Amino acid sequence: MANDPLTLMSAPAAPPLTSGPTPTPTPAPATAPLKIGPVVVDPPILQAPMAGYTNYAYRQVVREFGGAGLLATEMIAARSATWLETNRGEHPDRLWGVRDEPRPLAVQMWDNDPDNLARVGRRLAKDFGVSVVDLNFGCPVRQVTVKAQSGSWLLRDPDRVGAIVARVVEACDGVPVTAKIRLGCSDDCRTAIEVAQRIEEAGASCLTVHGRVASQFFSGDADWSAIAAVKRAVSRMPVVGNGDIDSAATAVARLRESGVDGVMIAREALARPWIFAQTAALLRGDPLPPDPSLAEQKELVLHHYDLVCQRFGIERGTLLMRKFACSYAQGLAGAREFRGRVSRVETREAFLEVMRVHFPSAQAGQPGTG
Ligand SMILES: Cc1cc2nc3c(=O)[nH]c(=O)nc-3n(C[C@H](O)[C@H](O)[C@H](O)COP(=O)(O)O)c2cc1C
């Protein structure tokens, strides 16, 4: 039984060879929970906000698989959130589920007006009881940058970002405020370090850094050495790294190698919402759980479709589900054919028929099973 791991583990430790101080054991790689103010994010794996995608139905799917320590809504525009002032009962689609769903939950908002953001942030914190109020300083989309001078546009002015964060922190009165940034506006405006320092001084409880500049949109690779440099440039505030995590193994490697306090996953989790549970298992030292079978994945798409239709009705729900169905098929053999068909469906019957006949039945590179 000499090789029995239990025997080896329970064997008494060998006495030290010298009588000097007992050497400190090398600590296990850090997988400490991330603390965002009083909110414990355990495991430190975050589901990214994605406009148009991370609604309540999607978050529900992520929650059912488990493994994400913090979920985030789609971003909301603070300037158009006047409904918060006028109507206490109803809320727009982007806050669907937020009042009642499990915590912890982050709601993200964007604007460049500190008063708007403070007003909406306070309402989210106090009336909606959200766990975290997140501020978007990373969006590269023209309507938000050029037209509204918000999102990543603000990265050119670190002091202004700091002033916004300070105002929202004050308004949220103890509910943690976080920020999400890119590395800068463009290659000649890489301000992430200065912005991060202003955000920390302003009292934010956490910062997420997507390792690209805004002008890249999604081109090139996320620069994890630049993310690590931001982490080193702040002292108290935890930093979450984000960009191009495409597997549980990559998530664990990024967490351990870059020195960040947590990792955030966006696009890959649209295709594989079980990636959080797989990452959590690896962090615990458990074996990698297998992907769901293709039959289970098909069931998952139908389940997601039901959740969407419950909220939006069949007609709108079917149209909305097209893009989710396309994401789920990513990387599967026959995905192109499936996408072509599912992105044209207009009725429930058509959706179910395309799912029945064309949802991929084999992983890419493997022969189909019919
Ligand atoms: C469709 C889509 C919508 C997004 N919407 C938001 C958003 O509302 N707020 C935000 O901070 N980032 C948004 N992002 C950026 C992601 O949160 C994330 O930073 C980026 O996709 C990089 O992570 P990834 O490589 O894991 O996808 C969005 C990304 C995508 C693909």
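Which residue follows H11, and what is the sign of its phi? Gly331 follows H11, and its phi is positive, near 85°. Keep that spot in mind while we walk through the rest of the chain, which comes from a predicted model.

## The chain as a whole

Let's start with the overview. The chain contains 13 helices and twelve strands. Of its 370 residues, 44% count as buried. If you take the contacts between residues at least 6 apart in sequence, 67% of them join residues at least 24 apart.

How confident is the predictor here? The mean pLDDT of the chain is 90, and 86% of the residues reach 70 or more. That confidence isn't spread evenly over the elements: strand E7 (residues 177–184) has the highest mean pLDDT, 99, while helix H1 (residues 5–10) has the lowest, 29. Over residues 1–28, pLDDT stays under 50, and the model has two contacts beyond four places in sequence for that stretch.

## The bent helix, H11

Now back to H11, which covers residues 294–329. A straight helix of 36 residues would span 52 Å, yet the end C-alpha atoms of H11 are only 10 Å apart. Look for the kink: it is about 125° and is centred on Gly313.

Several residues of H11 are buried, among them Tyr305, Val308, Met321, Phe324 and Tyr328. What covers the buried residues of H11? The cover includes helix H2 (56–65), helix H9 (268–271), helix H12 (335–342) and helix H13 (348–358), along with strand E11 (332–333).

## Around the ligand

There are 22 residues around the ligand, and the ones that come nearest are Ala48, Ala51, Met75, Ala266 and Arg267. Sorted by character, the shell has ten nonpolar, seven polar and five charged residues.

## Odd spots in the backbone

Most residues other than glycine have a negative phi, and most peptide bonds are trans. With that in mind, here are four places to find in the model.

Two of them are cis peptide bonds. One joins Asp42 and Pro43, with omega about 0°, and Pro43 sits in the loop between strand E2 (39–41) and strand E3 (45–47). The other joins Arg103 and Pro104, with omega about 5°. Pro104 is in the loop between helix H3 (83–86) and strand E5 (105–110).

The other two are aspartates with a positive phi. For Asp173, phi is near 50°, and this residue lies in the loop between H5 and E7. Is Asp173 buried or exposed? It counts as exposed, because it has 10 C-beta neighbours inside 10 Å, and 12 or fewer is the cut-off for that label. For Asp244, phi is near 65°. Asp244 is in the loop between strand E9 (239–242) and helix H8 (248–258), and with 19 other C-beta atoms within 10 Å it is partly exposed.

## Three helix residues and their partners

Finally, let's look at some residues that sit in helices and see what they meet from elsewhere in the chain. The table pairs each one with a residue further along or further back.

| Residue | Partner | Separation along the chain | C-alpha distance |
|---|---|---|---|
| Pro158 | Glu194 | 36 residues | 6.3 Å |
| Arg167 | Pro114 | 53 residues | 6.2 Å |
| Ala228 | Val240 | twelve residues | 9.7 Å |

Pro158 belongs to helix H5 (residues 158–172). Leaving aside its neighbours within four places in sequence, Pro158 is in contact with Thr191, Glu194, Val195 and Arg198. Why is Pro158 called partly exposed? Pro158 gets that label because it has 19 C-beta neighbours inside 10 Å, whereas a buried residue needs 20 or more.

Arg167 is found in helix H5 too. With residues up to four places away left out, Arg167 touches Pro114, Leu117 and Ala118. Arg167 is partly exposed, with 19 other C-beta atoms within 10 Å.

Ala228 is in helix H7 (residues 224–233). Its contacts, again not counting neighbours within four places in sequence, are Ser258 and Gly259. Ala228 has 19 other C-beta atoms within 10 Å, so it is partly exposed.

Definitions and conventions
Residues numbered from 1 in each chain as written. Predicted model: local features only at pLDDT ≥ 70, side-chain atom pairs only at ≥ 80, totals over all residues. Helix = DSSP H or I, 4+ residues; strand = E, 2+ residues; numbered from the N terminus. Expected span 1.5 Å × (residues − 1). Bend = angle between axes of the 7 residues up to and from the residue. Contact = placed C-beta atoms within 7 Å. Near = placed C-beta within 6 Å. Nonpolar A, V, L, I, M, F, W, Y, C, P; charged D, E, K, R; others polar. pLDDT = per-residue confidence, 0-100.
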